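Student: I should like to learn how strand pairing and aromatic contacts are read from a set of coordinates. Could you take me through a case?

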Amino acid sequence: MAKFHLRGLGLLLLLFSVQIVGAKQKISKKQEIVTGADQTEKYLPYLKGKRIGLVANQSSIIGKKSSVDSLLSLGIKIVKVFGPEHGFRGNASNGAAVGNEKDAKTGLPIISLYGRNEKPTKEQLADIDLMVFDIQDVGCRYYTNINTLEHVMEACAENGKELLILDRPNPNGYVVDGPVMTEDKYKSAIGIHYTPMTHGMTIGEFAQYLNGEGYLKEKCKIKIIKVANYNHSMPYVLPVNPSPNLNTQQAVMLFPSLCMFEGTAINEGRGTYMPFTILGAPALKGKYSFSYKPVSIAGMSEWPNHKDTVCYGLDLRNYDIGSLRKSRKLNLKWLIELYKAYPDKANFFGKERANGVSPFDLRIGTDQLRKQIIAGMSEAEIRKSWEPGLGKFKTIRAKYLLYPD
């Protein structure tokens, strides 16, 4: 009898544990991040019967398949595809001009929105009923997808077209940091918005910001398919490389901090297969033991800084990116450290152009950071100077958030 009770008790405990495991699985499934594109049930009926223009690149996927291929297979009529920097297939180098072409796989016309034709024309939108924007962003002012977003919204507003945004998580959504760009003279192809260097918004949230803060002459009619089960603090590993030189998750997370080095004498890993995870320059020989040689790599970086010359510096491939998430800040220490170590300080920052603005200043959005580092200000002093602008921006940003921080 005792054996029977023990056996019965064991069965009850087993059933109870199965129920707990099942409950945990249900909870974890509920908490999985689901992109806007993957929630096809929420927007396919809206696309049916319409002529669609799709703004997309290699990061535009439904499941593991290209959004273009998926939507075509689901009976959606895509008229043409618009590609941002790096092209529709994402195989053009940074800054490289990308021309119009026909997609070899689908036969669809591909319109480049990087170069001379930044904004869709009236003629290009004439046979389109609805524009769809589905591109992965990484949350930096100097990552040009948000420029493309503004140009597309402006064109849609001018031509009476609605824009459907399939939202995606921002892998750097946890950080709102850096100086805020406040002057028009710092506007360029790598920054046209009065935001900090990292804005902490998704594409959908940024679209609301553009509409609400008067960036457009007239507001664009937008519809957003939100990311499910997402907040800005959540880690998100990108399923597809968002661009040729962001080819690892480590690079994606370090990009906001390491892209500051563009426009300086430091190579940030372009010309290697580990971009945005290493830093160096020939002049740092003897100060750092780590070395590498940038070379021309087709489709990634044909003319990297210090091409074919051995560089010495920092290897950040194993840097704990969790520490960035914990601090919720850009890493400014590396910039200060390498400036101090660089022997030819007069040539550390790029030469000023005719208008007195250097390539470094264009990326940062102000000349103050360059001047502060040259003056030997501490990180704490520099960060304090950012605060008034950051505080004001965070108040503005809060109005357009779709997800909690």
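Tutor: We shall discuss strands and then rings in this structure, which is a predicted model.

Student: Where should one begin with the strands?

Tutor: In general, strands of a sheet pair through backbone hydrogen bonds, in either a parallel or an antiparallel sense. Here, strand β8 (residues 162–166) and strand β9 (residues 222–225) are parallel partners, joined over 4 bridges. Between β8 and β9 the chain passes through helix α6 (residues 203–212), and this β-α-β crossover is right-handed.

Student: Which residue of β9 is the bridge partner of L164?

Tutor: That partner is K223. The charged end of K223 also sits over the ring of Y46, 5.0 Å from the ring centre. Another such contact places K345 over the face of Y339, at 5.6 Å from the ring centre.

Student: What is the order of the strands in the open sheet of 3 strands?

Tutor: The order is β10-β12-β11, and the pairing is antiparallel. Strands β10 (278–281) and β11 (290–292) form the edges, each pairing on one side only. From one strand to the next, the twist averages 45°. The pairing of β11 with strand β12 (residues 311–315) runs over 3 bridges, and F290 stands opposite G313 of β12.

Student: How is an aromatic pair described?

Tutor: Two quantities serve: the distance of the ring centres and the angle of the planes. The structure holds 16 aromatic pairs. One of them joins Y230 and Y403 edge-to-face, with 5.1 Å from centre to centre and 75° between the planes.

Student: Why does the pair of Y230 and Y403 tie together parts that are apart in sequence?

Tutor: Y230 belongs to the loop between β9 and α7 (249–258), whereas Y403 belongs to the segment after α12 (379–398); the pair therefore ties together parts that are 173 residues apart in sequence. Both Y230 and Y403 are buried.

Student: How would one read the pair of F290 and Y292?

Tutor: The F290 and Y292 rings are tilted, at 5.8 Å centre to centre and 35° between the planes.

Student: Are F290 and Y292 buried or exposed?

Tutor: F290 has 18% relative accessibility and so counts as buried, since the cut-off is under 20%. Y292 is likewise buried, with a relative accessible area of 7%.

Student: Which residues do ring pairs link into a cluster?

Tutor: The cluster consists of Y194, F206, Y209, Y215, F393 and Y400, linked by ring pairs.

Conventions. Residues numbered from 1 in each chain as written. Predicted model: local features only at pLDDT ≥ 70, side-chain atom pairs only at ≥ 80, totals over all residues. Heavy atoms only, no water. Pairing = 2+ DSSP bridges. Helix = DSSP H or I, 4+ residues; strand = E, 2+ residues; numbered from the N terminus. Right-handed = clockwise from strand over helix to strand, strands pointing away. Phe/Tyr/Trp six-rings, centres within 6.5 Å; stacked < 30°, edge-to-face > 60°. Buried < 20%, exposed > 50% of the residue type's maximum accessible area, 1.4 Å probe, protein only. Lys NZ or Arg CZ within 6 Å of the ring centre and 35° of its normal. Axes fitted to C-alpha atoms, helices over the stretch in contact; angles between N-to-C directions.
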